[in-house]
Amino acid sequence: MATAYAGLIFLAVSLWLGPWKVLRRRPNPVSFDLRRDVGIWTGILAILHTGIGLTVHLRGRMWMYFVRRLQPLRVQDTMFGFANYAGLAAALVFLMLLAISNDWSLRNLKASRWKNFQRWTYGAFVLTGAHGVAYQWIEKRHTAWVLVFSGVMIAVVVGQTLGFFRSTGVMPDRGHRKRIG
């Protein structure tokens with residue numbers, strides 16, 4: 001659980017840094033060191049969580065999480081199977097993001113193409129959310145953990161939404177409102 005929640009917090013921070021800059025009317029470059037460093041730690045924690053998680057329920061027989069014929073419980077047809085596949089997909093996205101989170105990739109892919117790959121972070125967020133919700137249900141987590149998980153997920157959605165509205169001009173700047181009447 002430690003790697004799961006630490007990774008979730010780092011993911012949330014990495015997804016809040018851009019909107020935070022936009023909301024504060026600061027330049028929001030394609031990449032900046034703090035966001036990339038937080039993203040790298042997110043990816044490391046996600047991969048570490050995957051490695052640890054695959055040893056928990058089936059006593060280290062990792063293939064049994066995903067290969068139907070070898071499983072006595074047919075876990076692919078259950079919430080457990082859904083959680084595992086969502087987590088695996090998220091881990092693969094995080095692995096790709098880790099591979100391109102460096103100056104060499106940014107230079108060689110060029111900013112626009114690199115940013116398109118980096119936008120897969122939103123997919124990793126959705127997959128992480130699906131994985132987390134499923135495991136909250138499976139493990140019957142205590143209310144406090146469910147609230148932490150829900151709060152972090154909601155905070156990211158709110159931050160991204162506010163940043164989007166500010167950057168598209170839907171949400172006006174506070175200091176430039178027109179008075180009516």
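Colleague: About how much area does the protein chain expose, and what share of it do carbon and sulfur atoms supply?

Modeller: Bear in mind that we're looking at a predicted model. The protein chain exposes about 11500 Å², with 67% of that coming from carbon and sulfur atoms.

Colleague: And how many helices and strands does the chain have?

Modeller: There are 6 helices and 0 strands, so the pattern along the sequence reads α-α-α-α-α-α. Of the 181 residues, 35% count as buried. Take the contacts between residues at least 6 apart in sequence: 59% of them join residues at least 24 apart.

Colleague: Let's talk helix packing. How do I read a pair, say H1 and H6?

Modeller: Two packed helices are described by the angle between their axes and the distance between those axes. Here, H1 (residues 2-23) and H6 (residues 143-168) have axes that come within 8 Å and cross at roughly 20°. Angles under 35 degrees count as roughly parallel, so H1 is roughly parallel to H6. The crossing of H1 past H6 is left-handed.

Colleague: Which classes of residue make up the contact of H1 with H6?

Modeller: By class, you get 17 nonpolar, 4 polar and 1 charged residues there.

Colleague: Now a single residue. Is Thr-128 buried or exposed?

Modeller: Buried means under 20% relative accessible area. Thr-128 sits at 16%, so it counts as buried. You'll find Thr-128 in helix H5 (residues 120-139).

Colleague: Which residues does Thr-128 touch, leaving out those up to four places away in sequence?

Modeller: Thr-128 touches Leu-8, Leu-11, Ala-90, Phe-94 and Phe-149.

Notes
Residues are numbered from 1 along each chain as its sequence is written. This is a predicted model: local features need pLDDT of at least 70, side-chain atom pairs count only at pLDDT 80 or more; totals for chains, interfaces and linings use all residues. Side-chain values use heavy atoms; hydrogens and water are left out. Axes are lines fitted to C-alpha atoms, for helices over the stretch in contact, and angles run from 0 to 180 degrees between N-to-C directions. Helices (H or I, at least four residues) and strands (E, at least two) are DSSP runs, numbered from the N terminus. Angles under 35 degrees count as roughly parallel, over 145 as roughly antiparallel, 65 to 115 as roughly perpendicular and the rest as oblique. A crossing is left-handed if the near helix is turned anticlockwise from the far one by less than a right angle, and right-handed if clockwise. Ala, Val, Leu, Ile, Met, Phe, Trp, Tyr, Cys and Pro count as nonpolar, Asp, Glu, Lys and Arg as charged, and the others, Gly among them, as polar. Buried means under 20% relative accessible area, exposed over 50%, partly exposed in between (1.4 Å probe, protein chains only). Contact means heavy atoms within 4.5 Å. Accessible areas come from the Shrake-Rupley method with a 1.4 Å probe; for residues, only the protein chains shown count as cover.
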